[in-house]
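Q: I've got a structure open and I'm not sure how to read it. Can you walk me through it, one feature at a time?

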Amino acid sequence: MVAPVSKIWMNGEMVNWDEARVHVLTHTLHYGLGVFEGIRFYRTPKGPGIFRLDDHLRRLYDSSHVCRIKVPYDWDTLYEAHLEIVRANGLADGYIRPVVYLKDGPMGLLVNEDHPVGVFIAAWAWGAYLGEDGLKNGIRAKISSFSRNHVNAIMTKAKINGAYVNSILAKREAIQAGYQETIMLDTDGYISEGSGENLFMVRNGVIKTTNLTSILSGITRDCVFTLAAEMGYKVVEDRFTRDELYIADEAFFTGTAAEITPIREVDDRAIGEGKPGPVTKAIQDAYFKAVHGEDEKHMGWVTVVK
Ligand SMILES: *Cc1c(COP(=O)(O)O)cnc(C)c1O
């Protein structure tokens, strides 16, 4: 259960947590067409800092564009609303969830351009998504029996609400089998991503991650490209197979929620020595410095909320 905080931004107003309600005929609730983001803010020396807000907001508009949903608020309004939701709730660190949804209006699958669209932005305190122990010691993952959404079935560049049925089915299957996260293959059988995380492997000092065809273009993934390059690592974007992952020296998930979570085992095979490796640890360390506003080079990624 999310611990209630005090305010939610809803359609232009700050409303009390308990009053942020939608009608049962909300279109998105029936058919899943809607888009969202997941953003974190962290304690920094200068106050709460929202991490890569511009990039998340850009992706929210991009996701809407992919779905042909017209966001009824301009950039500046939503940008300011994100700052305001942090201020209004007095949280030092946490998670922000904006959602662009189709309100109650005409029912059925024909969505017209004039369908009423709503936006809300909630925030709450959220610890390590895959557990503190997972961050520190790594997690055990299992390849899913479910394939990742194909780009021509439901697109992969947008965070579309309904697309996460696929993630939920896969994640639940892995958890029930005793693992902490799932790894989905694309419809051609190559490694795609986790339920809500991108995936990296390291072998012989080279970092590799899935190319963009079957995955969400993660902002954390993008941070890894930058941080790894600064440390002198080569990063390759390519397809790879499950057995290539089995024989990797290291592997890790990336995502706003999951941050940098080491993977210590895949399908009951230890990855490397079965514990977080040096490359993973160095990237994790650099990432946590950046999000906490402790890396001068990357202060541009942090929007301090005054
Ligand atoms: C959100 C998400 C990610 C991670 O993206 P970030 O921008 O790093 O948070 C990866 N895969 C999927 C399917 C996601 O929904």
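A: Sure! Let's begin with residue classes: Asp, Glu, Lys and Arg count as charged, while Ala, Val, Leu, Ile, Met, Phe, Trp, Tyr, Cys and Pro count as nonpolar, and the others, Gly among them, as polar. Keep in mind that this is a predicted model.

Q: How many residues of each class are in the shell around the ligand?

A: The shell has seven polar, five charged and three nonpolar residues.

Q: Which of the 15 residues around the ligand come nearest?

A: Those are K159, Y164, I219, T220 and T256.

Q: Which side chains have an N or O atom close to a ligand atom?

A: For a polar contact, look for N or O atoms within 3.5 Å of each other. Here, the side chain of T220 has an N or O atom 2.6 Å from an oxygen atom of the ligand. R59 does something like that too, with a side-chain N or O atom 2.8 Å from a ligand oxygen. Then there's E193, where a polar side-chain atom lies 2.7 Å from a nitrogen atom of the ligand.

Q: How much of the ligand's accessible area does the protein cover?

A: On its own the ligand has 370 Å² of accessible area, and the protein covers 96% of that. As for where the ligand sits, the space it takes is the largest pocket.

Q: Why is C223 called buried?

A: Buried means under 20% relative accessible area. C223 is buried because its relative accessible area is 0%. C67 has 12%, so C67 is buried as well.

Q: And how many disulfides does the structure hold?

A: Zero.

Methods. Residues are numbered from 1 along each chain as its sequence is written. This is a predicted model: local features need pLDDT of at least 70, side-chain atom pairs count only at pLDDT 80 or more; totals for chains, interfaces and linings use all residues. Side-chain values use heavy atoms; hydrogens and water are left out. A residue is near a molecule or strand if one of its heavy atoms lies within 4 Å of it. A polar contact is a pair of N or O atoms within 3.5 Å; within protein, one must be able to donate a hydrogen and the other to accept it, and residues adjacent in sequence count only if both atoms are side-chain atoms. Accessible areas come from the Shrake-Rupley method with a 1.4 Å probe; for residues, only the protein chains shown count as cover. On a 1 Å grid over the protein atoms alone, a cavity is a set of points where a 1.4 Å probe fits but cannot get out, and a pocket is an open set with protein on both sides within 12 Å along at least five of seven lines; lining residues have an atom within 4 Å of a point. A molecule sits in a cavity or pocket if more than half of its atoms lie within 2 Å of its grid points. A disulfide is a pair of cysteine sulfur atoms within 2.5 Å. Buried means under 20% relative accessible area, exposed over 50%, partly exposed in between (1.4 Å probe, protein chains only).
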